[in-house]
Amino acid sequence: MKKDSHIHWYPGHIAKAERQLKEKLNLCDVVIEVLDARIPFSSTYNNIETLLGGKPRLILLNKADLADRNELKLFVQKIKEQTSCTVLVIDAKGAKDLNQVVKKVLELAEPKIQAQMAKGLLRRAARAMVVGMPNVGKSSVINKLTKSSKTKIGARAGVTRQQQWVRINKDLDLLDTPGIIPMRQDDQEAATKLAFVNSVSENAYDNETVAQELLNILSRKYETQLKEYYKVDELTLENIAKSRNWIVSNAEPDITRTAVYILKNFRDGKIGKFILDELE
Ligand code: G4P
């Protein structure tokens, strides 16, 4: 098993993902960017405006059920100030519908549609797509948006590659597959946080290093809560393994099992509701 502390990323994959993303972007009026509410800054792309070619963007902070709600409000405010985008807080796994998302997308598309009508074209449905990093909940958002409408409509004239669209209502069509924003993280801290939320392939990092880093980062803000949850005085993998009596040969604590356990606890929201990015 690798023991270095880096999250690895592959320029070849990134270039390909960017190309695929751009092909889809060309077809859309509006982009719905899904972020993970537990890492609102680390789950966006450094240069997202350029990557999206300046398309109107709606930002969804998803998995809000796993994030600290009060702190999240401050992040919403900050992201609005920084991007001038509309930001909605959602839980794509929960029961609530995403009508608000549809409404905002239509508002964002309207200027372009109006401009086309001013040139003499007939009014048409707005076209949107969902983008985001792996595992942030893009497919869950698409499923929720398309749940009540499964009208598939095929590729249109002028579109070279087959892209499948779903009609959400008479005013909105959505691409049925998301655009994947590649992880391009020269910033290792952001990359590590993406590993915490399972947004990075497991082959790209070492579980033990990442689990210990999760404990370190969580302790900055939530030390007491964490110590209570794991019932240890010092937050190390060794201590947590010993406290659970997870011992391997030679009476060594079972670090491998503990690392997997801690990452799973966090991802399942068992330890608590957290936000791991800093506002400043
Ligand atoms: P992706 O397309 O961006 O890769 O993400 P996807 O929708 O596949 O969601 C990734 C995982 O996150 C799924 O869990 C999904 O259920 C979960 N998820 C999506 N949105 C939310 C949310 O708002 N809150 C919570 N708590 N989870 C969410 P999974 O374990 O892969 O599958 P399963 O849990 O559906 O079995």
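**Note on the ligand site and a helix pair**

1. The shell around the ligand is mixed. Its residues divide into 4 nonpolar, 5 polar and 5 charged. Keep in mind that this is a predicted model.

2. Which residues come nearest to the ligand? Of the 14 around the ligand, they are Asp65, Asn135, Lys138, Ser139 and Ser140. Helix α5, residues 138–146, gives the largest share of the shell, with 3 residues.

3. Next, the polar contacts. Three side chains can be named here, each paired with an oxygen atom of the ligand. For Asn62, an N or O atom of the side chain is 3.0 Å from a ligand oxygen. Asp91 also places a polar side-chain atom 3.0 Å from an oxygen atom of the ligand. For Lys138, the distance from a polar side-chain atom to a ligand oxygen is 2.7 Å.

4. How much of the ligand does the protein bury? Taken alone, the ligand exposes 700 Å². The protein buries 63% of that area.

5. Now the helix pair. Helix α7 spans residues 207–230, and helix α9 spans residues 255–267. Their axes come within 10 Å and cross at roughly 60°. An angle from 35 to 65 degrees falls outside the parallel and perpendicular ranges, so α7 and α9 are oblique to each other. Is their crossing left-handed or right-handed? The crossing of α7 and α9 is left-handed.

Notes. Residues numbered from 1 in each chain as written. Predicted model: local features only at pLDDT ≥ 70, side-chain atom pairs only at ≥ 80, totals over all residues. Heavy atoms only, no water. Near = heavy atom within 4 Å. Polar contact = N/O pair within 3.5 Å; in protein donor to acceptor, adjacent residues only side chain to side chain. Areas by Shrake-Rupley, 256 points an atom, 1.4 Å probe, with all protein chains shown as cover. Helix = DSSP H or I, 4+ residues; strand = E, 2+ residues; numbered from the N terminus. Nonpolar A, V, L, I, M, F, W, Y, C, P; charged D, E, K, R; others polar. Axes fitted to C-alpha atoms, helices over the stretch in contact; angles between N-to-C directions. Parallel < 35°, antiparallel > 145°, perpendicular 65-115°, else oblique. Left-handed = near helix turned anticlockwise from the far one by under 90°.
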